[in-house]
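Please consult the sequence and the three-dimensional structure shown here. The report afterwards is intended to be read alongside both.

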Amino acid sequence: MTGILCLDKPKDMTSFLAVRRVRGILGLKKAGHTGTLDPMATGVLPIALSGATRFISLLPTHKKAYEARVELGKTTDTLDITGTVRSESAVSVSPEEIKAAALSFLGEIDQLPPMYSAKLKDGVRLYDLARQGVEIERETQRVTIYDLEVFDITDTEFSMRVTCSAGTYIRTLADDIGQKLGCGAILTALRRIEANGFTLSQSVTLEELEKLRDENRLDECILPLTACLESYPAITVTEAQAVRFHNGGELLKNRLKDFSGEGYFRVYAPNGDFLGLGESLAENENLLVKRVYVGEE
């Protein structure tokens, strides 16, 4: 029961509660998501199970993709439909103007994290401050919009499909588009269609997960941890080196077969078992043990 489960998170459920539901269905002590998804959002929520939770912070950064519905002529404190309305304006923009405004955000942009977000500031979640009526200054962060498609446009609404870097807030993007159009905008629906290299086709709902559990078919939805780590180079070590690595011992690089480079490496035993991640630093002659894979916890 160790690996990655891609959950199709339901609407109006926090990521924390979604993980707790998965943990209960599978009877696990440990599970954790790889990145928060807003309660109102649905879609791909990768969840690390058991021993895979030790690798969450080491997962490679991947692009993420979303489908969103945006309403023009309104702003809220949360930048989406769940918040308190701050302003309402008449909407008089053409489809061409909407597309032009949205596409102006393609590429690298500086984005201000919303107050209603899980981002930490001095050890406190921004949404905890926002719920107390406190708004603080935040630093902008550089994100990238790789692709953006606008479709299904009406007089006051439109949909967009966005591929972006990790850390991008689609609510903020909608708000920025509304500001550029001069009428304001809020997010009314959000569905994540790709995260950590996984897509909706690899995701299951909570109901589907329960059915697969009852039918003893969980192997159909739980992916191996290494499926998330494939962008790291792989090396195979000797039996003696495998024992040493598993026990937390560093390995001399010049004794590793066909080894070169820096960064993280997937380390495998001669029989193909995944041992964990090693780290190669230019200034160190050893392959360091970054994380040992221990299976179920």
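The following sections describe the basis of the model, the chain as a whole, and several local features.

## Basis of the model

This is a predicted model, in which local features need pLDDT of at least 70 and side-chain atom pairs count only at pLDDT 80 or more, whereas totals for chains, interfaces and linings use all residues. Residues are numbered from 1 along each chain as its sequence is written, and side-chain values use heavy atoms, with hydrogens and water left out.

## The chain as a whole

The chain has six helices and 19 strands. Helices (H or I, at least four residues) and strands (E, at least two) are DSSP runs, numbered from the N terminus. Along the principal axes, the C-alpha atoms fill a box of roughly 70 × 50 × 35 Å.

Of the 297 residues in the chain, 49% are buried. Buried means under 20% relative accessible area, exposed means over 50%, and partly exposed lies in between, with a 1.4 Å probe and protein chains only. Among the contacts with a separation of 6 or more, 68% involve residues 24 or more positions apart; contact means heavy atoms within 4.5 Å.

## A five-strand sheet

An open sheet of five strands has the order E15-E17-E18-E19-E16, with mixed pairing. Its edge strands are E15 (234–236) and E16 (251–252), each of which pairs on one side only. Two strands count as paired if DSSP finds at least two bridges between them. Strands of a sheet pair through backbone hydrogen bonds, either parallel or antiparallel.

At one edge, E15 and strand E17 (residues 263–268) pair in the parallel sense over three bridges, and Thr 236 stands opposite Tyr 268 in E17. E17 is also joined to strand E18 (residues 274–280) by six bridges, and these two strands run antiparallel; here Val 267 faces Gly 276 in E18. The hairpin of E17 and E18 has five residues between the strands, and Gly 272 in this hairpin takes a positive phi near 95°. At the other edge, two bridges join E16 to strand E19 (residues 286–292) in an antiparallel arrangement, with Leu 252 opposite Asn 286 in E19.

## Aromatic pairs

The structure holds six aromatic pairs. Rings of Phe, Tyr and Trp (its six-membered ring) pair if their centres lie within 6.5 Å; planes under 30 degrees apart count as stacked, over 60 as edge-to-face, and the rest as tilted. The rings of Phe 259 and Phe 265 have centres 4.7 Å apart and planes at 50°, so this pair is tilted. Both Phe 259 and Phe 265 are buried.

Phe 274 and Tyr 293 form another tilted pair, at 5.4 Å centre to centre and 50° between the planes. Because Phe 274 lies in strand E18 and Tyr 293 in the segment after E19, the pair ties together parts that are 19 residues apart in sequence. Phe 274 is buried, with a relative accessible area of 12%, while Tyr 293 is partly exposed at 22%. Ring pairs link Phe 55, Tyr 268, Phe 274 and Tyr 293 into a cluster.

## Lys 64 and the cysteines

Which side chain of opposite charge is nearest to Lys 64? It is Asp 38, 10 Å away, and Lys 64 is buried yet has no salt bridge. A salt bridge is a side-chain nitrogen of Lys or Arg within 4 Å of a carboxyl oxygen of Asp or Glu; Lys and Arg count as positive and Asp and Glu as negative, while His and the chain ends are not counted. Lys 64 belongs to strand E4 (residues 64–72). Not counting residues up to four places away in sequence, Lys 64 touches Val 162, Thr 163, Cys 164, Ala 166, Arg 192, Glu 194 and Ala 195.

The structure holds zero disulfides, a disulfide being a pair of cysteine sulfur atoms within 2.5 Å. For Cys 164, the nearest cysteine sulfur is that of Cys 6, 17 Å away. Cys 164 is buried, with a relative accessible area of 0%. The sulfur of Cys 228 is 7.0 Å from its closest cysteine sulfur, in Cys 6, which is too far for a bond. Cys 228 also counts as buried, at 3% relative accessibility.

## Positive phi outside glycine

Ser 50 has a positive phi near 50° although it is a residue other than glycine. Ser 50 is found in the loop between strand E3 (42–49) and E4, where it is buried at 1% relative accessible area.

Asp 258, likewise not a glycine, has a positive phi of about 50°. Asp 258 is placed in the loop between E16 and E17 and counts as exposed, at 71% relative accessibility.
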